[in-house]
Amino acid sequence: MSTIQVLMSAYNGEKYIGEQIDSILAQDCGNKGFADIKLLIRDDGSSDSTRDILEEYVVNYPSQVSWYHGDNKGVIKSFFDLLDKSDDEADYYAFADQDDYWMPEKLSAGIKKIEEMKKESDDIPLLYCCRPKLVDENLNPLVSEIKRPPMRPSFNNALIENIVTGCTIVMNRNLRDMVKAAPPRYTVMHDWWFYIIASSFGRVYYDETPHICYRQHGNNEVGTNVSRAKEFKDRVKRFKGNRRNISNQMTEFLRIYENCKEDDIAARYIKSDNARECLKLARRLVDSRQSLSARIKLVKSGEAYRQRKMDDLIFKIILLSGSF
């Protein structure tokens, strides 16, 4: 039987974390006996009763649940620390937030899709993610004013936009090993980094069917807007505060992979035509910061795109200004 290890970062999560852990332990892949579920939780310096709750689960589920306490590092560093301490022998890995609720088939949907992708492209980094179902703090569905088109995952998109919600990720060991071997010094968000790596050196599948209830309660580390007005205000705020984030992230991507050594884990994946083209595109994006003509050429090429038409137009303006 295969094993899937779920990695959860927790911080002052006493209100919802028990319900979330219960939904993970109740996954049908474990009940049907085709995947053994292991849950590793890192407490990111909680000051509430989170650690007491975690200890109760360890006592009740000693073969499935383990946790450790760390200093407060924030969500990105906490997840990369979890990745570093994850089990080398698991077949699949998944990320979990402390405040969501997983539908019973959440993990099995990801595992089944990865197994399908392996038949077509074995031994490469594979990432599955799905569209989250937006709910309020009581798990009641939220109606969004914002129309979201079917996602078209690719490196050309990952270059400038993240469509991967971390708590929906299921990945194979190849992807986990590749990222663990060379963790980034800088990334905008951990899930965006996994989208970048999987889309450039492997494959990404975006499932339009929701398999998690993505709780929106006002204290989310990262949330999703359902109001057009709120989304517009948040975009303006992010644009003002996040200048250079995209190019800095791509600079880090190039630092790690552009001159990869033969004995690096990534070396065998970088030889593919897709990987080489992705590295060239990343280099053109980073270098275009210094050249208006290069930015104009990049915009005209249409190589880099965002999923929604309005977002794509906005980013082209940002790209031309050099503030990316």
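**A tour of the sheet and its helices**

Begin by selecting A10, whose bridge partner in β2 is D43. What you have open is a predicted model, in which local features need pLDDT of at least 70 and side-chain atom pairs count only at pLDDT 80 or more, whereas totals for chains, interfaces and linings use all residues. Residues are numbered from 1 along each chain as its sequence is written, and side-chain values use heavy atoms, with hydrogens and water left out.

Widen the selection to strand β1 (residues 2-10) and strand β2 (residues 35-43), which pair in the parallel sense over nine bridges; helices (H or I, at least four residues) and strands (E, at least two) are DSSP runs numbered from the N terminus, and two strands pair if DSSP finds at least two bridges between them.

Next, show the open sheet of seven strands, ordered β3-β2-β1-β4-β8-β6-β9 with mixed pairing. At its edges stand β3 (65-69) and β9 (203-207), each with a single partner strand, so one side of each is left without a neighbour in the sheet.

Now add helix α3 (residues 50-60), which lies across β1, β2 and β3 and runs at about 150° to β3; angles run from 0 to 180 degrees between N-to-C directions, and axes are lines fitted to C-alpha atoms, for helices over the stretch in contact.

Finally, select helix α4 (residues 75-85) and helix α7 (residues 173-181), whose axes come within 10 Å and cross at roughly 110°. Here F80, L83 and D84 in α4 meet R176, V179 and K180 in α7, where contact means heavy atoms within 4.5 Å.
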